[in-house]
Amino acid sequence: MTSVSIRNLDLEFGSVKVLKQLSLEIDHGEFLVLLGASGCGKSTLLNCIAGLLDVTDGQIFINGNNVTWEEPSERGIGMVFQSYALYPQMTVKGNLSFGLKNARVPKDEIEKRVARAAEILQIEPLLKRKPAALSGGQRQRVAIGRALVRDVDVFLFDEPLSNLDAKLRADLRVEIKRLHQRLNNTMIYVTHDQVEAMTLADRIAIMKEGLIQQLDSPAEIYNRPINKYVADFIGSPSMNFLEGDMTDNGEFKLGNTVINLKGYDYVDGPIGEPVWFGFRPEHVITGDGADTQPFFANVVAEIVEPMGSDTLVWTAIEGQPFRARVDGQASIKTGDSFMLGFDPARASIFDKQHELRV
């Protein structure tokens, strides 16, 4: 059952087209993440769904109702903004109940909804405090609670964790996932943080210049990116890209190095044409076992970046930069020669002309 349906949506600011014939179907109970770099249109799309921006063309349906021109309060949505936007003179309980009082919800119903939201978000001991006496994470919980008390089917999150430090982001990310599992409401979540997207989403919509580049599960986007932009955007560190040519017998050649592509799952192979050979640093094998891989080579460590649990080693293949993510206890140092290997079946290959997966 479809919860939110966006059909051929256009949005223009003067001569600038921000969203371009965008269509998207979101199922009931789905956690969909809109992911992309700044300026790609993800927050704009969320604001259109919320009714905070008037669309130029197209339609928006929520639970089967055409809400394209409805006021935000009439759309049956709850929204959590990047800014907490709490009333500083009110207690937590006052902030949670303010919108319900304005909507003339009966007092006993307000008490019930506030108590339920406070229990779910574990902010019951904070109800009598004012925002100034709360930490950043607690304020964001209250902001989520303010949307939660509306008792709606669709929740919208506009980069709610971007103002928090790394540890708080990780903690609240888990809380949001627990919240979704408990409520099973439809959630649409905007972020530029790929870790948030990969860990939270049922599906991810990766956006660029007002268009959805790929809409799929986190695993499918990670393993089979549809184009070079998606491949480069997903993954930390990002994917390696080697520039070369596809030979007539289906091998990848760069300089004097030839990589046999046996096992690679082609979409459509551009034989004899220039391509990008993409490979994730975490799939590279170093040390023992490297020479058992279908492709292996002896290389020199140019830069070594220790990151605790693992280490990122920069090297080069035929003069082109290449990174390997190795165990944090590996003894590789700058200037060391070492063996790396990998299975080209795990690669992602893109044609140079359109940068689409081949």
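This passage walks through a predicted model of a single chain, from its overall make-up to a sheet, its helices and two buried residues.

The chain contains eight helices and 21 strands. Along the principal axes, its C-alpha atoms occupy a box of roughly 75 × 45 × 35 Å. Of its 358 residues, 49% count as buried. Among contacts with a separation of 6 or more, 67% are made by residues 24 or more positions apart.

A good place to begin the tour is an open sheet of six strands, ordered β6-β7-β8-β3-β9-β10 and mixed in its pairing. Its edges are formed by β6 (77-80) and β10, each of which pairs on one side only. From one strand to the next, the twist averages 15°. Within the sheet, strand β3 (residues 31-35) and strand β9 (residues 203-208) run parallel and are joined by four bridges. Here Leu32 is found opposite Arg203 of β9. Helix α4 (residues 136-148) packs on the sheet, where it touches β6 and β7 (154-158). The direction of α4 makes about 170° with that of β6. Helix α5 also packs on this sheet, with β3, β7 and β8 (186-191) as the strands it touches. In this case the angle between the directions of α5 and β8 is about 160°.

Besides touching the sheet, helix α5 (residues 166-183) packs with helix α3 (residues 107-121). The axes of α3 and α5 are 10 Å apart and form an angle of about 130°. This angle falls neither over 145 degrees nor within 65 to 115 degrees, and the two helices are therefore oblique to each other. On the α3 side, the contact is made by Arg116, Glu119 and Ile120, which meet Leu179, Arg182 and Leu183 of α5. By class, this contact comprises three nonpolar and three charged residues, with no polar ones.

At one edge of the sheet, strand β10 (residues 211-216) is home to Gln214. Gln214 has a relative accessibility of 7% and so counts as buried, the cut-off being under 20%. Its side chain has polar partners in the backbone: a polar atom of the Gln214 side chain lies 3.3 Å from the backbone oxygen of Arg224, and the side chain also reaches the backbone nitrogen of Ile226 at 2.8 Å. Beyond the neighbours within four places in sequence, Gln214 is in contact with Ile204, Ala205, Ile206, Glu220, Ile221, Arg224, Pro225, Ile226 and Val230. Arg224 and Ile226 thus appear in this contact list as well as among the backbone partners of the Gln214 side chain, through an oxygen in Arg224 and a nitrogen in Ile226.

The last stop is Ala201, in the loop between α6 (194-200) and β9. With a relative accessible area of 10%, Ala201 is likewise buried. Once neighbours within four places in sequence are set aside, the contacts of Ala201 are Phe31, Val33, Glu196 and Pro218. Two of these partners, Phe31 and Val33, fall within β3 (residues 31-35), the strand that runs parallel to β9. Ala201 and Met187 are 14 residues apart along the chain, and their C-alpha atoms are separated by 9.3 Å.

Methods: Residues are numbered from 1 along each chain as its sequence is written. This is a predicted model: local features need pLDDT of at least 70, side-chain atom pairs count only at pLDDT 80 or more; totals for chains, interfaces and linings use all residues. Side-chain values use heavy atoms; hydrogens and water are left out. Axes are lines fitted to C-alpha atoms, for helices over the stretch in contact, and angles run from 0 to 180 degrees between N-to-C directions. Angles under 35 degrees count as roughly parallel, over 145 as roughly antiparallel, 65 to 115 as roughly perpendicular and the rest as oblique. Contact means heavy atoms within 4.5 Å. Ala, Val, Leu, Ile, Met, Phe, Trp, Tyr, Cys and Pro count as nonpolar, Asp, Glu, Lys and Arg as charged, and the others, Gly among them, as polar. Buried means under 20% relative accessible area, exposed over 50%, partly exposed in between (1.4 Å probe, protein chains only). A polar contact is a pair of N or O atoms within 3.5 Å; within protein, one must be able to donate a hydrogen and the other to accept it, and residues adjacent in sequence count only if both atoms are side-chain atoms. Two strands pair if DSSP finds at least two bridges between them.
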